[in-house]
Amino acid sequence: MPREKERDLDKNLYEKIDHYGLVPNVEACLTCGKCVGNCPVAVINPSFNSRQMIRDVLVGNATRLLQSEEIWQCFWCGYCYQSCPMGIHFPLLMMQIRYLAIENNYGLRYFAPFKKFALRARDDGMTFVAGSTRGRERIMAIRSEAGMTPWPEISEKAREEYKALFDLTGTTAWLEAIDPEAEIPASYTYREGRIVHD
Ligand code: SF4
Ligand code: SF4
């Protein structure tokens, strides 16, 4: 399949991704590839290429970037940022790429667990609940041995404040608007530097 056509490029892609200006220096990328050379995901999957993704952000290649599987493979270890001579915070850029992908209904199956955790945090003040009675008992025993209360205590006031933060910042509305059923399969990959549809 050929590369994207000029007319299909989104010239405002970088602006859309870095909406809040959190990674303002992407245009300073030297294409040196140090980020790729130090990325553990790239070792396992040669089609994962942060340098190429940065190029796509800058030229506006929204199709390949937002619809690709690779944007869900980064696990934010930060090695790319540590090794970048220009101090480009690729992990933070990646986080925002995912937000834009989600808003366009790509990768929702990857996002679904996070949505569940986040809404639980809003309601209960904590994201983790042991899945089994045995697991819960084990956690309680370890906590007690360590001199802690058997289970984390969250005051009603703290719960209310946490909930208010979610609601006032629009996070609750944003999370609830995301419908996993609306997913458009993320089926493009970076293999061979071209668009490949599985
Ligand atoms: S290490 Fe930094 S400058 Fe080099 S390609 Fe990666 S992002 Fe660009
Ligand atoms: S933060 Fe992501 S892109 Fe950067 S080195 Fe780690 S896995 Fe690779």
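These legends describe close-up views of a predicted model of one chain with two ligands.

**Figure 1. Overall layout of the chain in the predicted model.**
The chain holds 11 helices and two strands. In sequence order the elements run α-α-α-α-α-α-α-α-α-α-α-β-β, with the strands at the end. Along the principal axes, the C-alpha atoms fill a box of roughly 60 × 35 × 35 Å. Of the 198 residues in the chain, 39% are buried. Contacts between residues at least 6 apart in sequence are considered next: 69% of them join residues at least 24 apart.

**Figure 2. Ligand 1 and the residues around it.**
Ligand 1 takes up the space of the largest cavity. A run of residues from the sequence around position 30 contributes Cys29, Leu30, Thr31, Cys32, Gly33, Lys34 and Cys35 to its surroundings. Ile54, Cys84, Pro85 and Ile88 complete the shell. By class, this shell has eight nonpolar residues, two polar and one charged.

**Figure 3. Thr31, a residue beside ligand 1 with a positive phi.**
Thr31 lies in the loop that joins α1 (13–17) to α2 (34–37). Its phi is near 55°, a positive value in a residue that is not glycine. Most residues other than glycine have a negative phi. Is Thr31 buried, partly exposed or exposed? With a relative accessible area of 34%, Thr31 is partly exposed, because buried requires under 20% and exposed over 50%.

**Figure 4. Ligand 2 in the second largest cavity.**
The elements that give two or more residues to the shell around ligand 2 are α3 (40–44), α6 (79–83) and α7 (90–103). The shell has 13 residues, of which Cys39, Cys74, Cys77, Gly78 and Cys80 come nearest to the ligand. Which classes of residue make up this shell? Nonpolar residues number 12, one residue is polar, and no charged residue is present.

**Figure 5. Helix α7 and its packing partners.**
Helix α7 has 14 residues, and its first and last C-alpha atoms are 20 Å apart, close to the 20 Å expected at 1.5 Å a residue. The helix is mostly covered, with 10 of the 14 residues buried. The buried residues are Phe90, Pro91, Leu93, Met94, Gln96, Ile97, Arg98, Leu100, Ala101 and Ile102. They pack against α1, α4 (50–59), α5 (62–66), α6, α8 and α11. Helix α7 is also one of the elements that give two or more residues to the shell around ligand 2.

**Figure 6. Asn105, in the loop between α7 and α8.**
Just after α7, Asn105 takes a positive phi of about 70°, although Asn105 is not a glycine. Its relative accessible area of 28% makes Asn105 partly exposed.

**Figure 7. Helix α8 and the elements that cover it.**
Helix α8 (residues 108–124) has 17 residues and reaches 24 Å from its first C-alpha to its last, close to the 24 Å expected at 1.5 Å a residue. Leu108, Phe111, Lys115, Ala118, Leu119, Ala121 and Arg122 are the buried residues of α8. An α-helix has 3.6 residues a turn, so residues three or four places apart point the same way. Among the elements covering the buried residues are α7, α10 (156–168) and α11 (171–177). After α8 comes Gly125, with a positive phi near 80°.

**Figure 8. Asp124, a residue of helix α8.**
Asp124 counts as partly exposed, at 31% relative accessibility. Leaving aside residues up to four places away in sequence, Asp124 touches Ile154 and Arg159. Ile139 lies 15 residues from Asp124 along the chain, and the C-alpha atoms of the two are separated by 18 Å.

**Figure 9. Helix α10 and the glycine that comes after it.**
What span is expected for the 13 residues of α10? At 1.5 Å a residue the helix should span 18 Å, and this agrees with the end C-alpha atoms, which are 18 Å apart. Gly170, just after α10, has a positive phi of about 85°. Helix α10 is also among the elements that cover the buried residues of α8.

Conventions:
Residues numbered from 1 in each chain as written. Chains lettered and ligands numbered in written order. Predicted model: local features only at pLDDT ≥ 70, side-chain atom pairs only at ≥ 80, totals over all residues. Heavy atoms only, no water. Near = heavy atom within 4 Å. 1 Å grid on protein atoms, 1.4 Å probe; cavity = no way out; pocket = protein on both sides within 12 Å on 5 of 7 lines; lining within 4 Å. Sits in = over half its atoms within 2 Å of the grid points. Helix = DSSP H or I, 4+ residues; strand = E, 2+ residues; numbered from the N terminus. Nonpolar A, V, L, I, M, F, W, Y, C, P; charged D, E, K, R; others polar. Expected span 1.5 Å × (residues − 1). Buried < 20%, exposed > 50% of the residue type's maximum accessible area, 1.4 Å probe, protein only. Contact = heavy atoms within 4.5 Å.
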